[in-house]
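Good morning, and thank you for joining. I would like to take you through one structure, beginning with a single residue and moving outward from there.

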Amino acid sequence: MHGQLFSQTEAELIQAALRGDGSAFAELLRPHYQSAFRVAYGLLHDSTEAEDAVQEAAFKAWRRLGNLRQGSSLRPWFLAIVANQCRGTSQSKWWSVARGEKLERETESVDIAAAVDLRRALLRLSYDERLIVVLRYYLDMPFEEIATTLGITPKAARNRVERAVHRLRPIVQIQGAAV
Amino acid sequence: MEERFLFTQVHEALDIPTPPGAYERLRMQLTKKPVRPFPWPALQTRWSKMSFRFAAGLAIIAIAVVAAAAAVAIHNSTNNSSPAGSRMSIQAYQKMVEADRPNPVNVWAACDDNVHTGCLRSGQGTIPLIQKWLDDTSRTNPPQRFVVVNQEMRRHLAQVIAALKALVADSQANDAAGMSRDYDIAAYGVNWTEMIDVAIGSYQEVAPATYAQSVLRQTQALDGCGAPCGFDSEATNCATSTGFNCSNFFSQVAVTFGGFQAGLIENAAPSSGIAQDMRLQNDLAQADGVLLAMNLDAVARNQARFNSDMAQLKRIKAQIDQDAASITG
């Protein structure tokens with residue numbers, strides 16, 4: 001079964017997935033799974049939540065597969081759906097048990113140096129800033145691909161990255177000085 | 001900085017392997033529960049210029065209703081409040097906040113970010129829970145350390161309730177634009193409350209030097225936000241979305257101010273510095289009040305009021321700088 005799927009082109013897999021073939025859709029996502037997980041983990045900082053978010057996003061992507069324009073790349077399209085899913089998840093955190101994990105991290109150290117670590121700095125960024133930092137510095141995306149993922153121009157992508165970095169700068173500088 | 005340095009730092013901070021078998025679990029789920037793709041998302045509509053103007057007018061009216069409803073909710077809760085005298089202990093207050101959070105059921109997530117399919121159920125189920133929370137914060141006489149933040153919490157919860165009521169109404173009317181607007185208004189309160197709840201749970205009185213360092217760091221974060229966050233009314237345009245996007249401004253600046261307040265709770269002032277700390281907390285509470293209003297301005301795309309609120313926020317920011325400097329020296 002695997003061998004047969006691997007021999008199919010992306011277009012054939014898309015056609016099969018549109019007819020409701022789950023294996024074909026899973027095969028389409030296979031090369032992008034790691035990137036999707038990284039985006040979700042970078043935004044949520046919790047591996048279980050990240051895996052759940054990617055799974056939810058995969059089902060949403062499948063339902064919306066008809067929206068994927070012919071010739072456009074699957075990766076930025078799918079990553080945008082993952083990012084949207086994570087936005088919902090992070091908003092839902094108000095009610096979520098995941099909060100416990102955050103608390104443990106807060107209380108286990110009274111050291112101020114630990115309090116300024118980059119993970120925490122990222123959590124303090126707005127959702128959109130965190131997303132752009134993750135795409136640029138965790139997925140090592142060029143500005144053009146960031147632009148496609150977010151539906152903006154490459155210039156706007158560059159500006160947003162600069163703004164997010166500016167916000168991180170005081171914290172990263174403190175951290176750099178402490179090392 | 002720095003590109004290379006940041007690549008390394010972010011990778012070091014976040015790099016973890018994909019959980020074993022994660023992709024296979026996804027494959028299994030996709031194979032087990034096939035879905036039928038549909039060609040276009042629900043509720044997606046195309047707007048003519050005229051209908052857009054009409055919707056904008058309705059939006060302004062709806063936002064005015066949300067603001068009025070929030071004021072009424074706070075007023076009603078105030079009438080139930082108990083007289084001062086017996087302050088709650090810090091532990092009891094922490095427990096109350098913890099208990100008032102609804103069971104770990106993902107009520108909010110049911111209101112889908114893209115098509116809001118579960119908004120009606122989510123709103124109806126959530127409103128009574130938040131109302132109880134608001135009533136509890138209104139009835140309590142909080143510990144001195146949490147007096148300011150308790151007052152802010154009430155304002156936020158009241159605005160969330162009002163926005164959720166509007167969300168239910170718009171959901172019943174199948175008004176997708178209205179639902180998005182209500183969702184945006186409620187989301188600020190949810191995000192702020194989450195940030196402050198975590199801080200209340202982690203409250204800890206720290207040594208004078210640690211406290212001063214924490215205040216300095218938060219001040220730097222606020223300064224760092226400055227112009228790059230659009231902290232400049234001429235560059236931030238809510239009415240046309242040209243220049244710096246108003247919603248972006250709001251989310252960035254508001255999170256920075258909220259983060260400052262959370263930092264003052266997590267690394268709380270030593271007893272010797274309470275008076276200065278309370279001054280700073282009061283400044284931040286004032287800023288938060290203005291930001292709540294700016295959230296409504298941003299959603300309504302009311303540039304004139306946004307600019308006027310921005311001017312007020314800048315004055316408060318100057319006061320914050322002054323009061324923070326008296327702590328950091």
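**From one phenylalanine outward**

I begin with A:Phe25, which is found in helix α3 (residues 22-29) of chain A. Helices here are DSSP runs of H or I with at least four residues, strands are runs of E with at least two, and both are numbered from the N terminus.

A word on conventions. This is a predicted model, in which local features need pLDDT of at least 70 and side-chain atom pairs count only at pLDDT 80 or more, while totals for chains, interfaces and linings use all residues. Residues are numbered from 1 along each chain as its sequence is written, chains are lettered from A and ligands numbered from 1 in the order in which they are written, and side-chain values use heavy atoms, with hydrogens and water left out.

Is A:Phe25 buried or exposed? A:Phe25 counts as buried, because its relative accessibility is 0%. Buried means under 20% relative accessible area, exposed means over 50%, and partly exposed lies in between, with a 1.4 Å probe and protein chains only.

Which residues does A:Phe25 touch, leaving aside those up to four places away in sequence? They are A:Ala17, A:Ala58, A:Ala61, A:Trp62, A:Leu65 and, from the other chain letter, B:Leu30. Contact means heavy atoms within 4.5 Å. As for A:Trp62, 37 residues separate A:Phe25 from A:Trp62 in sequence, yet their C-alpha atoms are 7.2 Å apart in space.

Let us widen the view to the nonpolar cores. A nonpolar core is a set of buried Ala, Val, Leu, Ile, Met, Phe, Trp, Tyr and Cys residues joined through side-chain atoms within 4.5 Å. The largest has 67 residues, and the members that touch the most others are A:Phe25, A:Phe78, A:Val82, A:Val133 and B:Leu30. Apart from it lies another core, of 65 residues, which includes B:Val149, B:Leu157, B:Cys225 and B:Val290. In soluble globular proteins, nonpolar side chains tend to be buried together.

Next, helix α5 of chain A. In α5(A), 12 of the 17 residues are buried, so the helix is mostly covered. Among the buried ones are A:Ala58, A:Ala61 and A:Trp62, which A:Phe25 also touches. Does the length of this helix agree or disagree with expectation? For the 17 residues, 47-63, a span of 24 Å is expected at 1.5 Å a residue, and the end C-alpha atoms are 25 Å apart, which agrees. The expected span is 1.5 Å times one less than the number of residues. At the N-terminal end, A:Asp46 caps α5(A), with a side-chain oxygen 3.1 Å from the backbone nitrogen of A:Thr48.

Just before that cap, in the loop between α4 (33-44) and α5 of chain A, lies A:His45. Phi of A:His45 is near 60°, a positive value in a residue other than glycine, and A:His45 is buried at 2% relative accessibility. A:Asp140 likewise has a positive phi, of about 55°. A:Asp140 is placed in the loop between α10 (127-138) and α11 (143-150) of chain A and counts as partly exposed, at 42%.

I turn now to chain B, which has 11 helices and 2 strands. Of its 329 residues, 53% are buried. Among its contacts with a separation of 6 or more, 80% are between residues 24 or more positions apart.

Finally, the charged pairs. Over all chains the structure holds 13 salt bridges, a salt bridge being a side-chain nitrogen of Lys or Arg within 4 Å of a carboxyl oxygen of Asp or Glu. In one of them, B:Lys317 meets B:Asp223 at 2.8 Å, N to O. B:Lys317 lies in helix α11 (residues 303-328) of chain B and B:Asp223 in helix α8 of chain B, so the pair ties together parts that are 94 residues apart in sequence. B:Lys317 is buried, at 10%, whereas B:Asp223 is partly exposed, at 44%.

Another bridge joins B:Asp297 and B:Arg305 at 3.4 Å, N to O. B:Asp297 is buried, with a relative accessible area of 1%, and B:Arg305 is partly exposed, at 48%. In addition, salt bridges with shared partners join B:Asp100, B:Lys132, B:Asp136 and B:Arg139 into one network.

Note on methods: A polar contact is a pair of N or O atoms within 3.5 Å; within protein, one must be able to donate a hydrogen and the other to accept it, and residues adjacent in sequence count only if both atoms are side-chain atoms.
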